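Biologist: I'm used to gels and columns, not ribbons. Could you walk me through how to read a model like this?

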Amino acid sequence: MPLPKYNTILVPTDGSEYAFYAAEHAVYLAKELGAKLYALNVINAPLAFHAGIHYAESKVEMESTGREAVQRIKSLCDENGVECECMIVEGQPKEAIVDVADKIGADCIVIGSIGMSALERVLIGSVSDSVLRHAKCPVLMVRKP
């Protein structure tokens, strides 16, 4: 049986240093494997309602933050000769990441993890854990040391 070929790598980002650390790993893999990288930011607009923030203002701010996050990864790709496409979608991150991976035919998802405790995962949930459980493709979870 031949080894799998990773042609399409998805790297979700929330703009955090944990996500960028994972993106560095994704760019390295994409470069070594000759794969295309997709940088994804998910705007969690319903979060603004729960926080009591005016939706229109918060969505504009979230879009701006999301563009900066994916552009940072795109710049890293450009520096390393890796093809990159930036995507911003709206939804719940746990579901949207898996949906986008399916839509683009991702061969691998590279995602950052902040290393929550078991109690934190139960109380607030972990996006990376959920993606790991629900994705149809392999998931590389990267923890920042």
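Modeller: Sure, let's go through a strand, a helix and the core in turn. Keep in mind that this is a predicted model.

Biologist: Let's begin with strand β2, residues 36–43. How many of its residues are buried?

Modeller: Eight of its eight residues are buried. As background, side chains in a regular strand alternate between the two faces of the sheet. In β2 both faces are covered: K36, Y38, L40 and V42 are buried on one side, and L37, A39, N41 and I43 are buried on the other.

Biologist: Which strand pairs with β2 over five bridges, and in what sense?

Modeller: That's β1, residues 8–12, and the pairing is parallel. To find the register, look for V11, which sits opposite A39 of β2. Between the two strands the chain passes through helix α1 (residues 17–33), making a right-handed β-α-β crossover.

Biologist: And what joins β2 to strand β3?

Modeller: Seven bridges do, with β3 (residues 84–90) running parallel to β2. Here you can use Y38 as a marker, since E85 of β3 stands opposite.

Biologist: On to α1. What span should its 17 residues have, and how far apart are its end C-alpha atoms?

Modeller: Counting 1.5 Å a residue, α1 should span 24 Å, and its end C-alpha atoms are 24 Å apart, which agrees.

Biologist: Which residues of α1 are buried?

Modeller: They are A19, F20, A22, A23, A26, V27 and A30. Look down the axis of α1 and these buried residues fall within an arc of 155°, so they line one face of the helix. Turned away from that buried side is a face carrying Y28 and E32, both exposed. After α1 comes G34, with a positive phi near 70°.

Biologist: Now the core. Which residues of the largest nonpolar core touch the most other members?

Modeller: The general idea first: in soluble globular proteins, nonpolar side chains tend to be buried together. Here the largest nonpolar core has 20 residues, and those touching the most other members are I9, V11, L37, A39, I73, C77 and V110. At least two residues each come from β1, α1, β2, α3 (55–79) and β4 (108–113). The largest share, six residues, is from α1.

Biologist: What does A39 touch, leaving out residues up to four places away in sequence?

Modeller: A39 touches V11, V70, I73, C84, E85, C86 and M87. There's also a second, separate core of 18 residues, with M87, V98, A106 and A135 among them.

Definitions and conventions:
Residues numbered from 1 in each chain as written. Predicted model: local features only at pLDDT ≥ 70, side-chain atom pairs only at ≥ 80, totals over all residues. Heavy atoms only, no water. Buried < 20%, exposed > 50% of the residue type's maximum accessible area, 1.4 Å probe, protein only. Helix = DSSP H or I, 4+ residues; strand = E, 2+ residues; numbered from the N terminus. Pairing = 2+ DSSP bridges. Right-handed = clockwise from strand over helix to strand, strands pointing away. Expected span 1.5 Å × (residues − 1). Arc of directions from axis to C-beta. Core = buried A, V, L, I, M, F, W, Y, C linked by side-chain atoms within 4.5 Å. Contact = heavy atoms within 4.5 Å.
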